[in-house]
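Thank you all for coming; I would like to take you through one model this morning, going from a whole chain down to single residues. Please have the viewer open while I talk.

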Amino acid sequence: MSATDTTGAGGTSSGANRPDPDPTGRRALRRRRARSVAGTLLSLALTLVGLLLVTFIIGRVMPIDPVLKVVGDRATQAQYDAAYVAMGLDRPLVVQFVTYIGDVLTGDFGRSISTGQPVAQDIARVFPATVELATLGTLIGVLIGVPLGVIAAARRGGIIDQVARVVALVGYSMPIFWLGLMGLLIFYGMLGWVGGPGRQGIIYDGMVPDVTGMILVDSLLAGDWAAFQDAFSHIILPASLLGYYSLAYISRMTRSFMLEQLSAEYVITARVKGMSEGAVIWRHAFRNIAIPLVTVIALSFGSLLEGSVLTEIIFSWPGLGSYITRALLSGDMNAVLGGTVVIGVCFVVLNLFSDILYRVLDPRSK
Amino acid sequence: MSAVSRRDWLLSDAPRTRCQARLGALYQGWLTFRANRLAMLGLVILILLIGMAILAPWIAPQSPFAQDLANRLQPPSAAHWLGTDALGRDILSRLIHGSRITLFIVGTVALIAPVIGLFIGTVAGFAGGWVDQVLMRITDIFLAFPKLILALAFVAALGPSIGNAVLALALTAWPPYARLARAETLTIRNADFIAAARLQGAGRLRLLVRHIWPLCVSSLIVRVALDMAGIILSAAGLGFLGLGAQPPMPEWGAMISDGRAYILDFWWVAAMPGIAIFTVSMAFNLLGDGLRDVLDPKGDKS
Amino acid sequence: MTIRLTTRALLLASALGLAPAAWAETPADTLVVAHTIDDIISLDPAQSFEFAGNDVNNNTYDRLVDFDPLNPEAGFQPSLAESWEVSEDGTSITFTLRDGVTFHSGNPVRAEDAAWSLQRAVKLDKTPAFILTQFGFTADNVEEMITADGNQLTLTLDKPYAPSFVLNSLTGNIASVVDKETVLANEQDGDLGNGWLSTNEAGSGAYELAAWRPNEQVQLTAFEDYWQGAPEMKRVIVRNVAESSAQRLLLEQGDIDVARNLTPTDVDSISAAEGVKIEDEPRGRILYMGLNQKDELLSNPAVIEAMKHLVDYEGITGSFLKGQFVTHQSFLPLGYLGVLEEQPWTYDVEKARQILTDAGIDGGTITTRVRDLREYVDVAQALQASMAQVGLTLNIEQMTGAQVLDAYRAREVPIFLGEWGPDYSDPNTNAATFAYNPDNSDEANAVGLLAWRNAYAVPEEMNEATVAATLEQDTEKRAQMYKDIQRQYQAEAPIVPLFQRIEQVAMRDNVQDWWSGGAVTSVIYRQVTKGE
């Protein structure tokens, strides 16, 4: 068994808005994929097509009428019918699906009915906002969670271990939308420490040339320090919130991995040889947990990408999660399908990434 | 039999009957669990919650639906311990009645999802071959889906109601259980006792039901206990988006959603249900932590 | 792009060295508005029919006639048309266009552009087209019925309609005058430029569209050559902020100038805040209760009568709808010709119970669908509670607007609670949908008519009265006709107007002359100024 498989996840559960804390399933998935590269790619393609099919079917059975969204409340039946045909909904479902897959393969995700713009263009606009948020959230989670987990394991049962445990449990138990509302109220409304809802102060909007779509990066590229400060003041609160959930997960996993290493024979040997405790922990044990830890971080990042729907809604964050939700509720299936493909690809790529990492770095798998 | 001797009997190193051994193991588990003070706290909170749910009509000071527009948005006071909401309803009474909904959701999802997962996972693991391939591909598809969005889609497709919310949560929660069950099955499948049973002429179904399922259950239970809090939060998230319980049902997530319009001046309307959700999911997490120590000795004990 | 860069340079120059926190207020020549604008799906005036889309078009386009934001009571005023003349028999109107007006492209505004714009809207036949086609225009005849000659434009009507009816209809967004040459240059596959205009603009209005990011924001920049003078606010930014609490925080912090979607409680609290003022403006939207006549229980006249007494009008407008709605029990909103201000119904559970008992009704259950908007759900819950007192059980299913609308158009909503916004500034806009339903059969599929959606078989004489009112040339008489129709409506109709929307706009103290468009049109920014 590999290092990742022998550890139990610490205080875990599968909330919608935080990392899937026990990625048993995903690990198993990875293990099987290790068998053959061709098989891997094939199964990935199948997963994606299946994902699209499920989304497509949901979209078609949903009692939300996309035509109505286009023509509006006052439309006559004739106008409605004209739009129905124009949207291609009169064709058989199979034809619609095959046409759609064909279009996607040529990079055409269709046009969104709720924004009136091409879905690819919409996603290019909203996805960077989500990536920016998830990246900063993960960064916060790693920078605090990893050291916290390591120290908790090293001083097992000590005060830091207890604190870490409580921090993690609270993180797992807090409804994120509530925490977000309270955070906004206190840090923006009452204290004025951070920027309000949205990605930027309104006067900075559109000031920084759009290169990556991530405002923090773009403003640095443009050398616009004021815009960077402004964007940072807006992102810090939602990112900290996501970071807290990420921290709860990462710190528990780090602790588990460390505990396992610390009870291993080579650690005992090192200690017997009189190696200092710091050296044992950081130079030996920590180095050995690097691989599973990176996997955990990647998964945590992945679930922040897909799981920030409520955070985005509360912070008026124009990201992918709120884009898909909004699209779903107005029956805008092209947008939902496009968004799902992006998230599906992210999931697949992150899995592939940890697969490769695992094979390259873990000597035992060779 | 005195208390001491019963304890000795339970903890006996040499149980005389199978029953004694089983009870003894349970008692051992209980002792381990009891030593974990946080887990005990979780258990106590949950017992209180269940008591509250059962006795709701008797302990709630008022009807959860009685409106009083003249006394809306009142702060916590002697008359309304937790204040009143936007329609003048007593928040405490709504929270108390809401505990039934919370327990219903958690209980039902915790029953449905692992069962689906257990079934699919063990069948896949046991049958192998193309059955395994197909089932696992389906599981992959559901795993690759963003959970809340999938649940949203289901609820939107089925129509918003508490029953559909439960169904949607169950349908999105099963894949990890399937994976877990399949992994367990793969390790058990070739064990000697399975081969022995097969030699005795046990059919595939019987092997699955009598021999494989029981062995997968304990790890599933741990997983379920740890998942409870997540289920509560997801249900609250659906309620928050207006897709769970319908008005005037006092579902906690929907109550937060109602209260957020008033959050700047009347903090208690959103804060009280928020605290309730937090307390209960915390209790489930503590309980799950404790249970894992008992049931899953391989896991991380602290 | 150039515009953005120069403003950016300006701002940067003035902001040099300042940290973001130092921005206590928005720039002096920029108006920043928080609003929900996620309903925009197209900015083509021939297609746009959503509130936020019309808010944009009202400022980027001019029409033949428009409202004066500083004197809205005066009604429609000459705009691109300098004057007009109605023929003797009342079946044609000839407009004379103003000289020297240009589009944003620099092209002159000609009668030909105006005629083509109207023809285009009729030919495209998008949802709002009925505002024009109700005068007898069709895709086939529109080129003969709407003609341009020199600087004159002539409309030929199929009946001698009341001139006020025609001119009021021409204030609507659909009658916006577009730049024919620019639009045709961007035509694709014979779409009359519909695709291009959905995200672009080709008007002559006081503002040019600088940017639209769906669900995020709209930016407008001043048109310096505007024929009524360039507006003072050089930039208008409308940002989509869905939450009232967020809008309020932004306003309190001075990050925005105007907040348009505050809840009553937020208005209450913010009105006490320093530097903020609230302006109330009655809007045209009517919140009504539609009782579906396909439902056996609800088609009982006693139940209809009882329901009118089960709405806690005062309680509701005094609590959760406080300040945002006033009780209004007739279908024409305040601000319209022929409005009826009588309020025959009061909240009276005893009376309702008595009516039901007399009719031998001792209970019943209704399951209805309500759009998941705070206001509607709260009204539904208040109704639910008072219905319970007389033995009627109301089950509420919350749904998205699209889902409820879908069911409503299929005549499947037993009790509809929601708003109706007038489509143009003439009383016929509401009369023709509340009080007109010539064929109540399912086959008629008159999905656009509220009466049909509620399966209300409007009595023949009311149908006739509604049509007759559109032909009455005398405005006084016309107003009286609408009052009569509404009285009869109050007496018998199963569609019960309850409240009229008041828009409470919260703004920084220095914002002057804000106008959301009143009951009759959309917001206009060009007269807005920011003092000290």
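Among contacts in chain A between residues at least 6 apart in sequence, what percentage join residues at least 24 apart? The answer is 73%, and I should say at once that we are looking at a predicted model, so everything I quote is computed from it.

Let me stay with chain A for a moment. Its secondary structure comes to 15 helices and zero strands, and of its 366 residues, 57% are buried. The chain is divided into two domains, with domain 1 covering 28–105 and domain 2 covering 119–365, and the centres of these two domains of chain A, taken over C-alpha atoms, are separated by 30 Å. The contact between them draws 18 residues from domain 1 of chain A and 15 residues from domain 2 of chain A. On the domain 1 side, the elements that give two or more residues are helix H1 (24–33), helix H2 (37–61) and helix H3 (66–71) of chain A, and it is H2(A) that gives the most, with eight residues. If you sort the residues on that side of domain 1 by class, you find 11 nonpolar, three polar and four charged.

Now to the contact of chain A with chain C. Here 42 residues come from chain A and 48 residues come from chain C. On the chain A side, at least two residues each are supplied by H3, helix H4 (77–86), helix H8 (176–190), helix H10 (225–262) and helix H14 (320–329) of chain A. By class, this side of chain A has 15 nonpolar, 19 polar and eight charged residues.

Helix H14 of chain A also takes part in a helix pair, and I would like to look at that next. Helix H6 of chain A, residues 119–154, packs against H14(A) at an angle of about 130 degrees, with the two axes 7 Å apart, which makes H6(A) oblique to H14(A). From H6(A) the contact uses A:Asp122, A:Val126, A:Phe127 and A:Thr130, and from H14(A) it uses A:Leu320, A:Gly321 and A:Tyr323. Those residues divide into four nonpolar, two polar and one charged.

A second pair sits in chain B. The axes of helix H2 (residues 18–35) and helix H11 (residues 267–295) of chain B come within 9 Å and cross at roughly 140 degrees, so H2(B) is oblique to H11(B). H2(B) passes H11(B) in a right-handed crossing. The residues that make the contact are B:Gly29, B:Thr32 and B:Phe33 of H2(B), together with B:Gly290, B:Asp293 and B:Val294 of H11(B), and by class they come to two nonpolar, three polar and one charged.

For the rest of the talk I will go through some single residues of chain C. Which backbone angle deserves a look at C:Asn215, given that this residue is not a glycine? It is phi, which is positive there, at about 65 degrees. As background, most residues other than glycine have a negative phi. C:Asn215 lies in the loop between strand S8 (207–213) and strand S9 (217–222) of chain C, and it counts as buried because 22 other C-beta atoms lie within 10 Å.

C:Asn445, again not a glycine, has a positive phi of about 50 degrees. It is found in the loop between helix H16 (428–434) and helix H17 (450–453) of chain C, and it counts as partly exposed, since it has 17 C-beta neighbours inside 10 Å.

Is C:Leu337 buried or exposed? With 20 C-beta neighbours inside 10 Å, C:Leu337 counts as buried, although its place is in a loop, between strand S13 (325–327) and helix H13 (349–358) of chain C. Leaving aside neighbours within four places in sequence, C:Leu337 is in contact with C:Pro427, C:Arg478, C:Ala479 and C:Tyr482.

Finally, C:Thr96 is placed in strand S5 of chain C, residues 92–97, and it counts as partly exposed because it has 16 C-beta neighbours inside 10 Å. Setting aside neighbours within four places in sequence, its contacts are C:Ala81, C:Glu82, C:Ser83, C:Asn151 and C:Gln152. For C:Ser83, which is 13 residues away from C:Thr96 along the chain, the separation of the C-alpha atoms is 5.5 Å.

Terms used:
Residues are numbered from 1 along each chain as its sequence is written. Chains are lettered from A and ligands numbered from 1 in the order in which they are written. This is a predicted model: local features need pLDDT of at least 70, side-chain atom pairs count only at pLDDT 80 or more; totals for chains, interfaces and linings use all residues. Helices (H or I, at least four residues) and strands (E, at least two) are DSSP runs, numbered from the N terminus. A residue is buried if 20 or more other C-beta atoms lie within 10 Å of its own, exposed if 12 or fewer, and partly exposed in between; C-beta atoms are placed from the backbone. Two residues are in contact if their C-beta atoms, placed from the backbone, lie within 7 Å. Domain bounds come from an automatic or database domain assignment. Ala, Val, Leu, Ile, Met, Phe, Trp, Tyr, Cys and Pro count as nonpolar, Asp, Glu, Lys and Arg as charged, and the others, Gly among them, as polar. Axes are lines fitted to C-alpha atoms, for helices over the stretch in contact, and angles run from 0 to 180 degrees between N-to-C directions. Angles under 35 degrees count as roughly parallel, over 145 as roughly antiparallel, 65 to 115 as roughly perpendicular and the rest as oblique. A crossing is left-handed if the near helix is turned anticlockwise from the far one by less than a right angle, and right-handed if clockwise.
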